[in-house]
Amino acid sequence: RSFEIDPYNRAVQDELKKLYMRRDGDVSPRLSLTRAALGRLHLRAALYGPATLEFSQLVNEAPERLDIKLALADTLYWDSRRVEAAAVCQQIRVELPYCIKANAILADAWLHGDRVDEAREHLRRVHAARSGAS
């Protein structure tokens, strides 16, 4: 997962190569990007269409991966697709009700949709999660 989040981190690459060497007895000098890593690179480059495609396909293949759902929500949010981002965040909150990013995206989406009371609830959850209270 660390490689998926930061594929150009030399320390992460070295550790992953060691693990591959131990498992396989051989390792390529160059690591291949996973689809999740590729999606994150697209997101960082503001290539929202390709990022959305990668993350959507990964969510369909592995719906239990909340990190990928959150990356999808983040991508949709930055692509100004707030309604879709909010729908993904609501799914995330079923398992992680105090997820800071999911609640922040929901608060912003509801504020833009003139749903101020609902936005306040999500902001309260963000503050509670930041302070460690539940």
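How many aromatic pairs does a search of the whole structure find? Just one, and you'll meet it in View 2 below.

**View 1. The whole protein, a predicted model made of helices.** Start with the overall picture: there are eight helices and zero strands here, so the pattern along the sequence reads α-α-α-α-α-α-α-α. The C-alpha trace spans about 55 × 35 × 25 Å along its principal axes. Of the 134 residues, 39% count as buried. The protein exposes about 8,200 Å², with carbon and sulfur atoms supplying 53% of that.

**View 2. Tyr77 and Trp78, the one aromatic pair.** A pair of aromatic rings is described by the distance of the centres and the angle of the planes. For Tyr77 and Trp78, the ring centres are 5.3 Å apart and the planes sit at 80°, so this pair is edge-to-face. Trp78 counts as exposed because its relative accessibility is 51%, and the cut-off for that word is over 50%.

**View 3. Two arginines over aromatic rings.** Take Arg115 to begin with: its charged end sits over the ring of Trp110, 3.7 Å from the ring's centre. Then look for Arg125, which lies over the face of Tyr98, at 4.8 Å from the ring centre.

**View 4. A nonpolar patch on the surface.** Leu111, Val116 and Leu123 make up this patch, and together they have about 220 Å² of accessible area. Val116 belongs to helix 8, which covers residues 116–131. With 36% relative accessibility, Val116 counts as partly exposed.

Definitions and conventions:
Residues numbered from 1 in each chain as written. Predicted model: local features only at pLDDT ≥ 70, side-chain atom pairs only at ≥ 80, totals over all residues. Heavy atoms only, no water. Patch = residues over 30% accessible without salt bridge, like charges linked within 9 Å, V, L, I, M, F, W, Y side chains within 5 Å. Areas by Shrake-Rupley, 256 points an atom, 1.4 Å probe, with all protein chains shown as cover. Salt bridge = Lys/Arg side-chain N within 4 Å of Asp/Glu carboxyl O. Helix = DSSP H or I, 4+ residues; strand = E, 2+ residues; numbered from the N terminus. Buried < 20%, exposed > 50% of the residue type's maximum accessible area, 1.4 Å probe, protein only. Phe/Tyr/Trp six-rings, centres within 6.5 Å; stacked < 30°, edge-to-face > 60°. Lys NZ or Arg CZ within 6 Å of the ring centre and 35° of its normal.
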